[in-house]
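User: Please take a close look at a single part of this model, the open sheet and what packs against it, and set it in the context of the whole chain. I would like one connected account rather than a list.

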Amino acid sequence: MRLNENTLLLGKKVVLVPYTAEHVPRYHEWMKSEELQRLTASEPLTLEQEYSMQRSWREDVDKCTFIVLDAEKWQVRPSTTEDSCMAGDVNLFLTDLGDPSLGEIEVMIAGLTKFEAKIGQGNEPSIRMFRKLHFEQVAVNSVFQEVTLRLTMNEHERQWLLEQTSHVEEKCYIDGSSESH
């Protein structure tokens, strides 16, 4: 939407920037995920279709689309590219042009790719458990007597995790009882 084409919203944890052609390749990579397509009720698009969609959203009078950036990464620019800071998107749709105070919002967070666990150095059972989950030790803090383990998600790790959790069933939990979804 032309309304937000020059708008940046800077928060403590995230930065919202207008969705530009620079963001399309990374966004397109996210949207190849069948799980993300299912969660966002989206159809797979070619890269060219994704560029066309971005241009259309930019020109539409009833949509505002922002890309969510990790504020901490983004603030160390220019050494970091904007697409490497991407974490998701926010879409605002004006659903009733006769009532500009009414709109629909969609938020997608897709860019979480690193997970860290800080564990007491003596807590061997927890350290072993995280290592079985493919976390790797990245730091030791002798002052706090803890180790930091990190898992960096990639397609191989994602597939492995899906295989390991294929038996998991999602259920609704309310006041101590559960129902299948």
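Analyst: Contact here means that heavy atoms lie within 4.5 Å. The model is a predicted one, and the account below starts from the sheet, moves to a residue beside it, and then widens to the chain.

The sheet is open and is formed by 5 strands in the order β1-β2-β3-β4-β5, with antiparallel pairing. Its edge strands are β1 and β5 (103-109), each of which pairs on one side only. Strands of a sheet pair through backbone hydrogen bonds, either parallel or antiparallel.

Going through the order from the β1 edge, β1 and strand β2 (residues 14-18) run antiparallel and are joined by 2 bridges, and in this pairing Leu 9 stands opposite Leu 16 in β2. The next pairing, between β2 and β3, is again antiparallel and extends over 5 bridges, with Pro 18 having Phe 66 of β3 as its bridge partner. Strand β3 is then joined to strand β4 (residues 86-94) by 7 bridges, and these two strands also run antiparallel; here Leu 69 is found opposite Met 86 in β4. Strand β3 (residues 63-70) has 7 of its 8 residues buried, so this strand is largely enclosed by the rest of the structure.

Asn 4 is a useful residue to follow alongside this part of the sheet, since it belongs to the segment before β1 (9-10). Leaving aside its neighbours within four places in sequence, Asn 4 is in contact with Pro 18, Cys 64, Thr 65 and Phe 66, and two of these residues, Pro 18 and Phe 66, are the bridge partners already named for β2 and β3. The side chain of Asn 4 also reaches the backbone oxygen of Thr 65, at 3.2 Å. With a relative accessible area of 4%, Asn 4 counts as buried because that value falls under the 20% cut-off.

On the side of the β5 edge, a residue to consider is Thr 40, which lies in helix α2 (residues 34-40). The C-alpha atoms of Thr 40 and Glu 106 are separated by 9.0 Å, although the two residues are 66 residues apart along the chain. Not counting residues up to four places away in sequence, Thr 40 touches Met 31 and Met 108. Its relative accessibility is 29%, so Thr 40 counts as partly exposed, whereas Asn 4 is buried.

Away from these strands, Glu 146 has its place in strand β8 (residues 146-152). Glu 146 is buried and yet has no salt bridge, the nearest side chain of opposite charge being that of Lys 118, 4.6 Å away. Once residues up to four places away in sequence are set aside, Glu 146 touches Lys 118, Ile 119, Gly 120, Gln 121, Ala 139, Val 140 and Asn 141.

As for the whole, the protein chain has 6 helices and 10 strands. Its radius of gyration is 20 Å, well over the 16 Å that the globule rule gives for 181 residues, so the chain is more spread out than a compact globule. Along its principal axes, the C-alpha trace spans about 60 × 45 × 35 Å. Of the 181 residues, 29% count as buried, and among contacts with a separation of 6 or more, 51% come from residues 24 or more positions apart.

How values were computed. Residues numbered from 1 in each chain as written. Predicted model: local features only at pLDDT ≥ 70, side-chain atom pairs only at ≥ 80, totals over all residues. Heavy atoms only, no water. Helix = DSSP H or I, 4+ residues; strand = E, 2+ residues; numbered from the N terminus. Buried < 20%, exposed > 50% of the residue type's maximum accessible area, 1.4 Å probe, protein only. Polar contact = N/O pair within 3.5 Å; in protein donor to acceptor, adjacent residues only side chain to side chain. Pairing = 2+ DSSP bridges. Lys, Arg positive; Asp, Glu negative; His and termini not counted. Salt bridge = Lys/Arg side-chain N within 4 Å of Asp/Glu carboxyl O. Rg over C-alpha atoms; globule rule 2.2 N^0.38 Å.
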